[in-house]
Amino acid sequence: MKKVLRKLKALAVLNYDLFKHQNMTPPAPATLYTRIATDAASAMSRVPAVLPTEALSLLPPESELYRMFDEFNWFYFGGKLPPARIEYSTRMSSAGSFCSQERLIRIGRKYHELFPEEIYDTLKHEMLHFLFPTHGATFRKEAARIGASVRAKHHPLLCKPPKYLYVCPECGKEYPRQKRLRMASCGACSRSGFDARFKLVLVRLRTAKSAKRPA
Ligand SMILES: [Zn+2]
Ligand SMILES: [Zn+2]
């Protein structure tokens, strides 16, 4: 037992030696100024040399998006929109999206890192989709009323190259698309709805391994 105690005592001395500073001096009596100085030094040591990208981003946190959702909901919709989930998406290239089944609004991070000032415009646009699934006449009217963009916004830099290229056989207008079109005719030539005479013709498939076989 004595032996163990002696060992512990020796270890304690060793420990103390490890942490003892060479020029350790008793601390000067603390004044307001020394306190500020030491606090500032310790605060500086906590700031990482390189800020994580998250901290550099100007985008508001998701909690702020929820707050704005509530604000817009009361201000523009009389509070009649049901609660939604809102999250940032790091993958999508578009400004925003809305999934009615999940009541989920996604805000595109890549897009808004380029255009941070548009974020509440996007939020309002996606909120309108609670009431109007498509960008039809009522959507456009409401968008004008609440000051939201009508079109889903993309940034060309962020867009993937289109998988398919369709062309109107009549006027030659090109329609680059990510998805295959089944029954689509040229919007410029067709009078109302689908017109078989102006059915778009597929002229190019995305090449190589990424091109899937036609579904
Ligand atoms: Zn939309
Ligand atoms: Zn055409």
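This report describes two zinc sites, the nonpolar cores and one enclosed helix in a predicted model.

## The four-cysteine zinc site

The zinc ion (ligand 2) is held by the SG atoms of C168, C171, C186 and C189, at 2.2 to 2.3 Å. Along the chain, these donors follow the spacing C-x2-C-x14-C-x2-C. The site links distant parts of the chain: C168 belongs to the loop between strand 4 (164-167) and strand 5 (174-177), while C189, 21 residues apart from C168, belongs to the loop between strand 5 and strand 6 (201-205). Both C168 and C189 are buried.

The arrangement around the zinc ion (ligand 2) is tetrahedral because its 4 donor atoms subtend angles of 104 to 115 degrees. For four tetrahedral donors, the ideal angle at a metal is 109.5 degrees.

## The three-histidine zinc site

The zinc ion (ligand 1) has three histidines as its protein donors: H125, H129 and H135, each through NE2 and lying 2.0 Å from the ion. Their spacing in sequence is H-x3-H-x5-H.

These donors can also be described by their accessibility. H125 is among the buried residues of helix 6. H129 has 11% relative accessibility and therefore counts as buried, whereas H135, at 23%, counts as partly exposed.

## The nonpolar cores

The largest nonpolar core contains 24 residues, of which F69, I105, I107, L123 and M127 touch the most other members. At least two residues of this core come from each of helix 4 (62-77), strand 1 (85-89), strand 3 (104-108), helix 6 (119-128) and helix 7 (137-146). Helix 4 makes the greatest contribution, giving 6 residues. In soluble globular proteins, nonpolar side chains tend to be buried together.

Leaving aside residues up to four places away in sequence, M127 touches F69, F72, N73, F77, L81 and I105. A second, separate core has 9 residues, including Y164, Y166, C186 and L200. C186 is also one of the donors of the zinc ion (ligand 2).

## Helix 6 within the structure

Helix 6 is largely enclosed by the rest of the structure, because 9 of its 10 residues are buried. The buried residues are I119, D121, T122, L123, K124, H125, E126, M127 and L128. They pack against helix 4, strand 1, strand 2 (96-99), strand 3, helix 5 (109-114) and helix 7.

Helix 6 also brings together two topics treated above. H125, buried in this helix, is a donor of the zinc ion (ligand 1), and L123 and M127, likewise buried there, are among the residues that touch the most other members of the largest nonpolar core.

Note on methods. Residues numbered from 1 in each chain as written. Chains lettered and ligands numbered in written order. Predicted model: local features only at pLDDT ≥ 70, side-chain atom pairs only at ≥ 80, totals over all residues. Heavy atoms only, no water. Donors = N, O, S within 2.8 Å, 3.2 Å for Na, K, Ca; no water. Tetrahedral: all angles 85-135°; square planar, octahedral: opposite > 155°, others 65-115°. Helix = DSSP H or I, 4+ residues; strand = E, 2+ residues; numbered from the N terminus. Buried < 20%, exposed > 50% of the residue type's maximum accessible area, 1.4 Å probe, protein only. Core = buried A, V, L, I, M, F, W, Y, C linked by side-chain atoms within 4.5 Å. Contact = heavy atoms within 4.5 Å.
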